[in-house]
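I opened this entry to keep track of what I looked up, going from the whole chain to its interior and then to its surface.

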Amino acid sequence: MGGSGWPIAHHTLRPYYDAARRFLSSDFGAIDPVPEQSVFQTTSLESWTRDRNTAHYHREVLKSSKSILVCTDSTLVDVRMRNGGGAVEAFVIRSRGQEVVVRGCAFVLACGGRENARLLLNLQRRFSAMFGGEGGPLGRRYMGHLAGEIACIEFADPSLAEAFFFRRAGQRTFIRHRFRPTDETQRRHELLNIAFWPKSPPPEDASHRDGVASALHIMSRLRVRARHRPGRPADPTVASAHILNILRKPGAAMIGAASYAYRQATPRSRYPHYFLRTPDNIYLLHYHSEHAPNDASRIALSSDKDDFGLHRLSVSFRYGHQDFQSVVRAHELLDEWLRSQGYGRLRYLDDSGDRLEGIRRHARDGYHQIGLTRMSDRQGDGVVDTNCTVHGVANLSIAGSSVFPTSGQANPTLAAVALAQRLGDHLTRRLSTRGSPSPAPHDPPARSSSTLTEGRFLRGRTDGAEA
C-alpha cells in the first residue's frame, strides 16, 4: 500500500520479543512455525499477560532500584534545546507546584502516541524548521485499528467453536485461536492485515439461555444499584427471561457465577472475557483490521492551551475506502473458505449493499495512537530514524507505537515493548562508547526551581508508598 513499509527488517526486532514477553508478565513464548493453510489460518494465536497492570507487576522492582527514579504527580512542560535545536539541554517538569529541571546525556519521550507528538509540535512552534516544518511528517498518518462485527459465524460442530475459546497456557497466561488470512491470500487479494475471532452475545441478552451469564448480569445490576449509580430501568420481560435461565439449573448457575466472580477478583486467575457457549453454535464474528496510512488522518495544535501553557490538540482521525473495502472482501473470502472446509458459514447482520456503510458507521478507534512520529530512513519521510532517535536531534529518542510506520492487525503492545528494549540496547552502546560527559552549561534555574542531574533523585509516591 502507498506509504507503507518499515525501514528495519523483522529479524532485527524478533530477538527482543522474549524479553518483551517477560516484561509484560507473559510466560507464553514463541511457537514453532506451522505450515500455512491454503487460504486462512486457524493456528494464529492471541495471548494475554498474567498481570494486566504492568506498573503493579513491576512495583517492587521500581521501589527497590537505585538506578530508576519514579516521579508521580509530575508533568513534562518544556523541552529546552541547545545548538539551535540540534540537541536537548534539559526537560522541565512541573511537580507539586515546583518546576524541576532534569539534565542528562540522553532523553527519551515515552508519553503515549498523541502526547509524544504534541510535545514535539509545541517544540516545532519555537523551531519552525524542525521535523520538516509545518507540512512535514510530524503528527500525520494517525492510525489505530478498524474493529467491529458485521456478521455472525455459524460453526458446523461445537468442537470447532471450542477451539476458539480462551484456555490457559504456561503458568497463568490465557490464549485463544483466531482466523487469519495467509500471507499469500493477502497478497493475491490485496488485503490489509486482519484477524477474526468468535464473540459471544453480551450477558444482558437473555436469549443466550446461559444461567451463569444471567446470574452474573443480575449480580452486576445489583452492584450498580448498591453503589447508588442509577441505571436504566429494568425491563420486566428481560428480567423474567434471565430468571428463567437461572431456574433451568439454579445450582449450576449460582456455583458457576460465584466461581467466575472469585476468579475475576483474583488478578492472576482473571479471564480476559466471559465467553458464552451458545446452544446453536452461532457467535458474533469480531474483526480487528489494519488501518492504512493516510496523511489526512492527523493531529495539529489548536489555539487552546492547557494549564501549563502548552497548546492542546486538534484531532482529525480518519479512515479511507481501502480500510472498509478490505474488511468486506476478507469476510467474503472467509465465508467461502468456511463452507469449502466444512467449518461452517457466515451470516451477515446487514444486507449486502449496506456492509460498507455499516463498517463506516461504526468505525471508531484511535486508542493505540500509531504513526504520529513514524520511523523512516530519510529525515523528510519520518520523525525518528531506525534507532528511534529523532531526526536532527542527536540525544532525543521516542519509545512507543507512535514510531510505527504501519498499524498491522494486532494490538501494538508487544512490538512497542520490544522496540523499547532495542532502543535501550542502542542507548547503552552509544553512551558506553562516548563515556558520560557532563551536562551542557546552562543558565541558573529560575526561582522556585530545582535541578536534577544524573545520580540525583526526586522522591515520588506510588500507591501511597515512596518510590
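My notes follow in the order in which I made them.

**Whole chain.** I kept in mind throughout that this is a predicted model. I counted 13 helices and 17 strands in the protein chain, and I found that buried residues make up 45% of its 467 residues. Looking at contacts between residues at least 6 apart in sequence, I noted that 71% of them join residues at least 24 apart. The chain exposes about 23900 Å², of which carbon and sulfur atoms supply 50%.

**Helix α5.** I next asked whether the length of α5 agrees with what its 14 residues should span. For residues 113-126, 1.5 Å a residue leads to an expected 20 Å, and the end C-alpha atoms lie 21 Å apart, so the two values agree. Is this helix enclosed or open to the outside? Ten of its 14 residues are buried, and I therefore recorded α5 as largely enclosed by the rest of the structure. The buried set comprises G113, N116, A117, R118, L119, L120, L121, N122, L123 and Q124, and thus I saw polar names such as N116, R118, N122 and Q124 listed there beside the leucines. Among the elements that cover these residues I found the strands β2 (74-82), β5 (107-109), β11 (298-305), β12 (311-316) and β14 (396-398).

**Nonpolar cores.** Which residues touch the most other members of the largest nonpolar core? In this set of 48 residues, they are L120 and L396. Two or more residues each come from α2 (17-23), β2, β3 (87-95), β5, α5, β11, β14 and α13 (413-434), with α13 giving the most, namely seven. I then listed the partners of L396, leaving out residues up to four places away in sequence, and obtained V88, F91, F107, L109, L120, C388, T389 and V390; L120 is thus among the residues that L396 touches. A second core, separate from this one, has 30 residues, including A151, F155, I194 and Y343.

**Surface patch.** In general, nonpolar side chains of soluble globular proteins tend to be buried together. I therefore also looked for nonpolar residues on the surface, and found that I218, L222, I243 and L247 form a patch there with about 370 Å² of accessible area together. Both α8 (211-226) and α9 (236-248) supply at least two residues of this patch. For L247, which is found in helix α9, I noted a relative accessible area of 57%, and because exposed means over 50%, I entered L247 as exposed.

Conventions
Residues are numbered from 1 along each chain as its sequence is written. This is a predicted model: local features need pLDDT of at least 70, side-chain atom pairs count only at pLDDT 80 or more; totals for chains, interfaces and linings use all residues. Side-chain values use heavy atoms; hydrogens and water are left out. Patches are made of residues with over 30% relative accessible area and no salt bridge: like charges are joined within 9 Å, nonpolar side chains (Val, Leu, Ile, Met, Phe, Trp, Tyr) within 5 Å. Accessible areas come from the Shrake-Rupley method with a 1.4 Å probe; for residues, only the protein chains shown count as cover. A salt bridge is a side-chain nitrogen of Lys or Arg within 4 Å of a carboxyl oxygen of Asp or Glu. Helices (H or I, at least four residues) and strands (E, at least two) are DSSP runs, numbered from the N terminus. Buried means under 20% relative accessible area, exposed over 50%, partly exposed in between (1.4 Å probe, protein chains only). The expected span of a helix is 1.5 Å times one less than its number of residues. Contact means heavy atoms within 4.5 Å. A nonpolar core is a set of buried Ala, Val, Leu, Ile, Met, Phe, Trp, Tyr and Cys residues joined through side-chain atoms within 4.5 Å.
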